[in-house]
Amino acid sequence: MDSLKSIQHIISIKDFNRQQIVDILELAIRFENLRDDRLKGCVLGTLFFEPSTRTRLSFEAAMLQLGGKVLGFADASVSSAKKGESLADGIRVSSSYVDILVLRHPLDGAARLASEHSSVPVINGGDGANQHPTQTFLDLYTITKSHPELLKGEPLKVAMLGDLRYGRTVHSLIRALTHFNVSFRLISPESLKLPDTYIDFLDRENIEYDACQKIDDALEDVDVLYATRIQEERFPDPVEYNRVKKAYHLTPDTLKGVREGFQLLHPLPRIQEISPKVDALPQAAYFGQASNGVPVRKALLSLLLGKI
Amino acid sequence: MDSLKSIQHIISIKDFNRQQIVDILELAIRFENLRDDRLKGCVLGTLFFEPSTRTRLSFEAAMLQLGGKVLGFADASVSSAKKGESLADGIRVSSSYVDILVLRHPLDGAARLASEHSSVPVINGGDGANQHPTQTFLDLYTITKSHPELLKGEPLKVAMLGDLRYGRTVHSLIRALTHFNVSFRLISPESLKLPDTYIDFLDRENIEYDACQKIDDALEDVDVLYATRIQEERFPDPVEYNRVKKAYHLTPDTLKGVREGFQLLHPLPRIQEISPKVDALPQAAYFGQASNGVPVRKALLSLLLGKI
Amino acid sequence: MDSLKSIQHIISIKDFNRQQIVDILELAIRFENLRDDRLKGCVLGTLFFEPSTRTRLSFEAAMLQLGGKVLGFADASVSSAKKGESLADGIRVSSSYVDILVLRHPLDGAARLASEHSSVPVINGGDGANQHPTQTFLDLYTITKSHPELLKGEPLKVAMLGDLRYGRTVHSLIRALTHFNVSFRLISPESLKLPDTYIDFLDRENIEYDACQKIDDALEDVDVLYATRIQEERFPDPVEYNRVKKAYHLTPDTLKGVREGFQLLHPLPRIQEISPKVDALPQAAYFGQASNGVPVRKALLSLLLGKI
């Protein structure tokens with residue numbers, strides 16, 4: 001775990017090299033179902049300028065299950081920001097009350113800025129369309145729990161499905177996976193395809209990928225399918241939205257003939273992308289993925305607080 | 001306490017038989033003013049899709065006073081439900097973070113649905129116009145603390161006052177009390193009288209009751225008066241509302257000549273139904289009733305967490 | 001600390017005599033950076049009918065760092081008040097759930113009223129334009145940490161800057177400081193000058209003061225400058241607001257030539273009153289001031305809970 005010694009904040013998945021990612025995933029295993037008092041006396045501040053149940057509650061669960069305590073807000077409306085206070089000032093003050101901060105903020109770059117003004121470690125709980133690194137760690141953790149061979153250099157084929165244009169989780173996960181022996185299939189409607197900057201990145205890194213618009217026949221050589229929510233507001237034309245919504249609706253039929261060990265992931269909330277009939281199938285990994293947020297966040301909190 | 005072994009969730013007062021109710025009330029006595037660490041390491045999730053100070057805060061107090069911890073939300077606006085997530089999905093995820101859940105939800109049946117998707121025990125903290133079983137337990141607890149003879153089969157006369165049509169607490173309490181030797185007086189304006197389905201229930205169970213519209217002379221043979229809030233929005237005509245509001249306003253005069261041991265209960269908040277001048281009278285039991293929420297909820301949390 | 005034995009609530013700075021103020025400031029020193037379990041088993045209720053990040057979070061931090069626990073609400077919208085419940089009723093119920101209450105409320109006098117209906121100690125976390133005594137204690141604490149000679153009767157010159165008319169913190173601090181050997185300089189625009197009632201008070205108490213409208217040349221004989229936020233909504237005319245905003249903008253230049261040991265305080269949030277360029281100067285005491293909220297509130301919570 002020597003690679004982790006220099007880590008002071010968790011701001012972007014881009015800040016982590018291969019060894020650090022591997023070490024964090026291995027650290028998280030130790031925290032599976034662990035309850036102890038290692039964070040007794042430590043206080044986490046949860047500053048959620050934008051609501052997020054899943055991220056906030058799993059950070060709080062992680063802290064409380066390790067004996068720590070939590071304070072903060074779930075909603076910008078109760079913060080001083082609405083009086084016009086700068087984020088920098090808010091962070092300077094809040095960080096004097098707690099031992100570690102998790103920040104969720106609507107603006108790109110907010111977490112980095114916060115880390116520069118905080119007297120305690122800062123974890124990015126999502127900043128605008130930019131980064132959400134703990135989500136990426138739990139996505140990776142979910143994949144490598146079922147596919148541990150990935151960490152040993154074995155190849156894995158990952159399909160990304162849905163909104164590849166705006167999906168923050170997709171962008172971060174692609175970037176993190178390129179540290180490993182991964183090839184991609186990019187499945188999206190034309191209007192939501194992966195931005196050129198990420199395509200250029202894949203080309204530069206010599207990562208194999210192909211792209212298509214239909215799910216049919218696109219899953220048989222795939223190990224992991226990462227589906228995302230398609231938001232109506234991304235479509236100027238409701239007719240087009242309805243066509244896409246229908247075409248990207250996953251059912252038990254869609255998953256017929258997939259590989260042994262195939263995993264269907266989704267960052268949740270899912271709206272209509274996955275039929276509830278899929279939930280009972282062995283391939284449905286998305287609820288386990290959500291619950292993996294707890295051990296991963298326990299590991300990260302303990303790491304930054306010097307308690308591993 | 002053998003009768004309680006099979007209880008996994010607290011969803012509806014209808015799920016409890018006489019013996020279970022008696023055992024829960026006796027269990028609650030043990031938790032009066034008790035503070036210990038029996039729930040150390042346990043985390044309660046409070047999912048309040050509708051605000052409720054009293055219910056939420058007393059559950060939190062119960063948990064914290066027994067050494068447990070709490071996370072959750074007080075308000076649907078900070079939950080993923082507003083992104084369109086189904087309750088079932090929300091519960092599957094949240095229940096993976098905690099050891100027990102309390103749910104408050106605007107829709108009838110939400111708690112039952114939640115219990116079917118939760119991996120941990122669920123307590124109904126009120127679902128729409130349907131059920132609020134822990135309120136009923138604390139109402140019963142308040143009555144039997146002053147009238148312990150009720151549990152031994154002695155008769156008790158209970159008057160229900162106010163909004164008997166929409167009052168969720170009234171419906172549940174009537175149902176619970178019919179396990180005992182109780183007769184009812186139903187005092188309400190014509191437009192807010194007890195629905196036929198409950199009248200039929202009383203007839204079927206051979207429970208004695210009478211009904212009237214005026215308070216005058218209606219209290220002298222009564223042991224317990226359960227008053228409820230009359231909400232303006234139930235009346236199409238403001239003149240009618242004002243007439244009723246005035247007719248159902250309880251003062252020290254109203255309580256003159258009541259029986260020894262008479263108790264005035266109210267689920268609170270009271271608006272104009274009870275004059276503050278009543279607060280100091282020995283019959284005023286409503287603040288004690290509210291504080292009884294703590295021992296009752298301590299008992300229920302400990303029961304479901306296997307810590308009694 | 002005998003002077004503190006009679007203190008049951010913290011409602012107004014006016015309730016404290018010189019000896020009590022001195023003893024509380026000395027008590028707070030003991031709580032600097034202290035973490036222990038002295039408040040284990042105690043529960044603080046935070047009833048914030050108006051949002052306030054800084055006050056709420058620092059009370060919570062104080063409680064949690066001493067082993068206590070917290071419940072409550074950050075926002076009136078989730079309280080029963082919106083159903084029309086009186087504050088007195090809300091307090092009677094809430095106080096039966098916890099060991100101590102902090103109340104923030106938009107109405108003047110709310111905290112005093114609350115203390116009359118509470119079964120546990122009440123701390124005023126700000127009631128309307130009236131009082132915010134724990135802010136005053138942390139302001140005094142910040143001043144006396146740098147100027148301990150004040151407590152021994154040595155003279156100190158304090159300038160008050162900005163909105164002296166509506167500023168609750170200014171009024172309370174002036175009143176508290178008059179227990180010591182202090183002289184004042186009142187710097188404000190004509191429309192925001194200190195109300196006559198406070199001027200009369202200073203005259204009656206034989207406190208030296210002068211008043212002016214400009215900052216230039218007004219700081220050279222001053223030990224402490226207490227700056228406040230100037231709110232646009234106080235000005236009928238936006239042109240006048242912009243003129244004042246510009247005239248009261250503090251920069252490193254403004255602080256040239258101030259005395260040795262000069263402190264610049266501000267209750268925060270600051271908007272445009274102090275340039276961020278000032279933050280790095282040794283005179284900038286406002287962030288330390290905010291963090292002093294924790295030891296001061298630890299001392300007050302421990303005092304009222306009988307744990308000093």
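This report describes how the chains of one model are arranged, how one chain divides into domains, and how some helices and strands pack.

The structure is a predicted model, in which local features need pLDDT of at least 70 and side-chain atom pairs count only at pLDDT 80 or more, while totals for chains, interfaces and linings use all residues. Residues are numbered from 1 along each chain as its sequence is written, and chains are lettered from A and ligands numbered from 1 in the order in which they are written.

## How the chains are related

Two copies of a chain are related by a rotation about an axis and a shift along it. Here copies are superposed by least squares on the C-alpha atoms of residues with pLDDT of at least 70 in both. A turn of 120° and a shift of 0.0 Å along the axis lay chain A on chain C with an RMSD of 0.0 Å, and that is the relation of a three-fold axis. The C-alpha of chain A nearest this axis belongs to K69(A), at 5.0 Å from it. Chain B is superposed on chain A by a rotation of 120° with 0.0 Å of shift along its axis, again with an RMSD of 0.0 Å, and in chain B the C-alpha nearest the axis is that of K69(B), 5.0 Å from it.

## Where the chains touch

Two residues are in contact if their C-beta atoms, placed from the backbone, lie within 7 Å. In the classes used below, Ala, Val, Leu, Ile, Met, Phe, Trp, Tyr, Cys and Pro count as nonpolar, Asp, Glu, Lys and Arg as charged, and the others, Gly among them, as polar. Helices (H or I, at least four residues) and strands (E, at least two) are DSSP runs, numbered from the N terminus.

The contact between chains A and C takes 19 residues from chain A and 20 residues from chain C. On the side of chain A that touches chain C, β2 (69–73) and α3 (87–94) of chain A each supply at least two residues, and α3(A) has the largest share, with four residues. The contact between chains B and A takes 19 residues from chain B and 20 residues from chain A, and α3(B) gives the most to the side of chain B that touches chain A, with four residues.

The table gives the classes of residues on three contact sides.

| Side | Nonpolar | Polar | Charged |
|---|---|---|---|
| Chain A, touching chain C | seven residues | seven residues | five residues |
| Chain B, touching chain A | seven residues | seven residues | five residues |
| Domain 1 of chain A, touching domain 2 of chain A | 12 residues | four residues | four residues |

## The domains of chain A

Domain bounds come from an automatic or database domain assignment, which for chain A gives domain 1 (2–131 + 293–304) and domain 2 (134–291). Their centres, taken over C-alpha atoms, are separated by 26 Å. In the contact, 20 residues of domain 1 of chain A meet 17 residues of domain 2 of chain A. The elements giving two or more residues to the domain 1 side are α1 (18–31), β4 (122–127) and α10 (293–304) of chain A, and the largest share, six residues, comes from α1(A).

## Strands and helices of chain C

Two strands pair if DSSP finds at least two bridges between them. In chain C, four strands form an open sheet with parallel pairing, in the order β2-β1-β3-β4. The edge strands are β2 (69–73) and β4 (122–127) of chain C, each of which pairs on one side only. Strand β1 (residues 43–48) of chain C pairs with β2(C) over five bridges, and G45(C) has L71(C) in β2(C) as its bridge partner.

Axes are lines fitted to C-alpha atoms, for helices over the stretch in contact, and angles run from 0 to 180 degrees between N-to-C directions. The axes of helix α1 (residues 18–31) and helix α5 (residues 133–146) of chain C come within 10 Å and cross at roughly 70°. Angles of 65 to 115 degrees count as roughly perpendicular, and α1(C) and α5(C) are therefore roughly perpendicular to each other. I21(C), I24(C), L25(C) and A28(C) in α1(C) meet F137(C), L140(C), Y141(C) and T144(C) in α5(C), a contact with seven nonpolar, one polar and no charged residues.

## A cis peptide bond

In chain A, a cis peptide bond with omega of about -5° joins L268(A) and P269(A). P269(A) is placed in the loop between β9 (263–265) and α9 (286–291) of chain A. L268(A), although not a glycine, has a positive phi of about 60°. In chain C, the peptide bond from L268(C) to P269(C) is cis, with omega near -5°.

Technical notes:
Angles under 35 degrees count as roughly parallel, over 145 as roughly antiparallel, 65 to 115 as roughly perpendicular and the rest as oblique.
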